[in-house]
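Grab a pencil and keep the viewer open. Below are a few exercises, each with a worked solution to check yourself against.

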Amino acid sequence: MIYSKKPLPVIVIAIFLLSFSCTLSEAQQAIKNSSPNEETASVDYNSLDSKIQQWQKDLHIPDVGVVIIDKNKLVKARVYGNARNGQPAPQEMLFEVASVTKVVFTTLVLRLVQDGKWNLDEPLCHYYIDPEVASNAYSKKLTTRHVLSHQSGFDNWRWMNASGKLTYNFEPGTKFNYSGEGFEYLRLAIEHKFHTSLAKLSDSLLFKPLHMNNTSHEWDGKKDFALYSGMYDAEGKEIVKNDYSVQSSAAAGLTTAVNDMSKFAFEVLNGGHLSNKLYKEMISKQAYINPNINQGLGWRVINGLPDNEYALQHAGNDPGVASIMVLLPKSKRGVVVMTNADNGLIMCNNIVRAAFPEGAQIIYKAYKSAPISEQPKSVRLPNEVLSSRIGTFKRADGAMVTVTLKDSQLILRMSGIPDLYLVPESEDKFYLLDLDAKVFFTRDQNGKITSVSIQDGGNIIKCDKVVD
């Protein structure tokens with residue numbers, strides 16, 4: 001993400017579709033075929049190359065960086081695609097990784113805790129209080145543990161609140177709600193204590209020791225620009241910007257390369273130089289999300305995999321950026337995928353499914369709270385009802401959202417994510433395949449559509465209808 005004072009949303013749904021061209025019935029069958037009890041075949045990593053290249057064409061994704069680790073050995077660290085000069089993409093190609101930044105930042109924070117320089121449970125008010133919540137008593141309770149476990153009480157971003165200001169929606173530590181604001185709050189507290197920027201702290205304590213020479217929390221948008229992957233929309237059109245610089249952020253915006261991310265993955269798989277006690281804190285249930293997944297410190301933790309394995313997972317997407325990291329610490333396996341297009345999260349999840357025998361289970365558990373057998377029931381709506389819901393809508397931050405109709409299928413498009421295919425539960429309530437997010441249409445007293453809202457957990461993005 002090109003981080004700004006008014007960040008674009010990282011919808012926690014880390015959106016994906018089962019296949020770029022599949023029909024709804026085919027997708028639903030694919031869900032059934034990913035049963036957690038199903039025996040899976042071993043992975044053929046050599047055949048994965050051709051699959052990735054075909055997905056690139058189908059999904060309009062110019063460049064894909066892939067890291068695969070098996071039995072604590074590097075199987076693959078490759079970039080698929082071309083550089084800006086038309087030559088094959090170099091290993092050093094720079095990708096942004098959106099919210100995967102959060103687990104890198106988490107590792108830095110836990111290093112500080114390990115070294116006795118920071119405390120998970122010390123109130124952050126000792127070092128920083130945001131002026132917008134200075135009068136709220138909860139500011140004296142907010143801790144690092146609350147932030148890293150997404151229990152800060154904040155919205156994902158403050159602009160999502162009706163007031164547009166930072167607000168506590170609940171007491172810190174009492175429940176889960178994904179929040180980039182919380183990570184930024186913690187970053188500011190750390191920077192105030194150490195009188196050093198996040199970028200410099202990470203360079204000295206994490207990136208240089210691990211020889212992650214092409215990784216940074218900030219970038220001037222000019223140095224090594226020839227190595228920058230760029231950003232592309234769902235049709236493969238480049239998203240051109242006047243300013244490509246990235247401001248230091250704990251929540252998003254990290255720039256990195258495949259070799260660097262392989263080093264980071266090995267570091268986490270092998271304990272992260274943390275004590276056994278602190279590592280267990282990282283992977284333990286800090287907050288309950290749903291029966292399929294819990295929140296650790298920074299990482300999502302997926303349990304119930306074959307052979308008593310568990311997975312650490314985090315994904316991210318922003319306009320023209322999508323990435324995912326999945327690590328299986330017990331068997332020392334891992335996958336990292338970085339892409340530079342709006343459809344990238346489809347690619348990310350396709351690769352995870354292909355790279356792990358239990359990949360389909362991991363992807364399902366990562367994004368759905370219900371058992372596979374409990375999919376919502378869909379209804380058939382006449383085309384005149386569907387047609388009345390098409391149009392252009394505007395988010396609170398001014399970004400545009402469109403709803404179109406194709407082959408009796410409503411499709412929602414918003415910058416930074418793949419197309420969302422809406423499955424009707426009723427005339428105004430829709431669900432998404434493999435995703436817990438819901439889409440709601442609101443009508444006025446005359447039955448005319450006035451808004452569409454996307455709800456993902458506690459985060460709701462309301463988009464008002466643009467009057468023609």
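**Exercise 1.** In this predicted model, describe how helix α3 packs against helix α5: what are the distance and angle between their axes, and which residues make the contact?

*Solution.* Start with what has to be reported: two packed helices are described by the angle between their axes and the distance between the axes. For α3 (residues 101-114) and α5 (residues 180-194), the axes come within 12 Å and cross at roughly 35°. Next, the handedness: α3 passes α5 in a left-handed crossing. Now pick out the side chains. From α3, the contact uses Lys102, Phe105, Thr106, Val109 and Leu112, while α5 brings Gly180, Phe183, Leu186, Arg187, Ile190 and Phe194. Last, sort these by class: you should get 7 nonpolar, 2 polar and 2 charged residues.

**Exercise 2.** Stay with α3 and work out how many of its residues are buried, and what follows the helix.

*Solution.* Check the length to begin with. α3 has 14 residues, and its first and last C-alpha atoms are 20 Å apart, close to the 20 Å expected at 1.5 Å a residue. Then look at the burial: 13 of the 14 residues are buried, so the helix is mostly covered, with buried meaning under 20% relative accessible area. Finally, step past the end of the helix, and you meet Gly116, with a positive phi near 75°.

**Exercise 3.** Where on helix α2 do its buried residues lie, and what do they pack against?

*Solution.* First, the length. The 15 residues of α2 (residues 45-59) should span 21 Å at 1.5 Å a residue, and the end C-alpha atoms are indeed 21 Å apart. Second, list the buried residues: Tyr45, Leu48, Asp49, Ile52, Trp55, Gln56 and Leu59. Viewed down the axis of α2, these buried residues fall within an arc of 135°, so they line one face of the helix. The spacing fits a general rule: an α-helix has 3.6 residues a turn, so residues three or four places apart point the same way. Third, turn to the other side of α2, where Asn46 and Lys57 are exposed. Fourth, find the partners: the buried residues of α2 pack against β1 (64-70), β2 (73-80) and α9 (344-355). One last detail is His60, just after α2, which takes a positive phi of about 60°.

**Exercise 4.** Is His314 buried or exposed, and which residues is it in contact with?

*Solution.* Locate His314 in strand β8 (residues 311-318). Its relative accessibility is 4%, and because the cut-off for buried is under 20%, His314 counts as buried. Leaving aside neighbours within four places in sequence, the contacts of His314 are Ser99, Val100, Lys102, Val103, Tyr178, Gly298, Trp299, Ile324 and Met325. Lys102 is also part of the contact that α3 makes with α5.

**Exercise 5.** Two loop residues now, Asn177 and Lys223: which counts as buried and which as exposed?

*Solution.* Asn177 sits in the loop between α4 (144-148) and α5. At 6% relative accessibility, Asn177 counts as buried. Leaving aside neighbours within four places in sequence, Asn177 has contacts that include His150, Phe154, Gly458 and Asn459. Lys223 belongs to the loop between α6 (198-207) and β4 (255-256), and at 58% relative accessibility it counts as exposed.

Terms used: Residues are numbered from 1 along each chain as its sequence is written. This is a predicted model: local features need pLDDT of at least 70, side-chain atom pairs count only at pLDDT 80 or more; totals for chains, interfaces and linings use all residues. Side-chain values use heavy atoms; hydrogens and water are left out. Helices (H or I, at least four residues) and strands (E, at least two) are DSSP runs, numbered from the N terminus. The expected span of a helix is 1.5 Å times one less than its number of residues. Buried means under 20% relative accessible area, exposed over 50%, partly exposed in between (1.4 Å probe, protein chains only). The arc is that of the directions from the helix axis to the C-beta atoms. Contact means heavy atoms within 4.5 Å. Axes are lines fitted to C-alpha atoms, for helices over the stretch in contact, and angles run from 0 to 180 degrees between N-to-C directions. A crossing is left-handed if the near helix is turned anticlockwise from the far one by less than a right angle, and right-handed if clockwise. Ala, Val, Leu, Ile, Met, Phe, Trp, Tyr, Cys and Pro count as nonpolar, Asp, Glu, Lys and Arg as charged, and the others, Gly among them, as polar.
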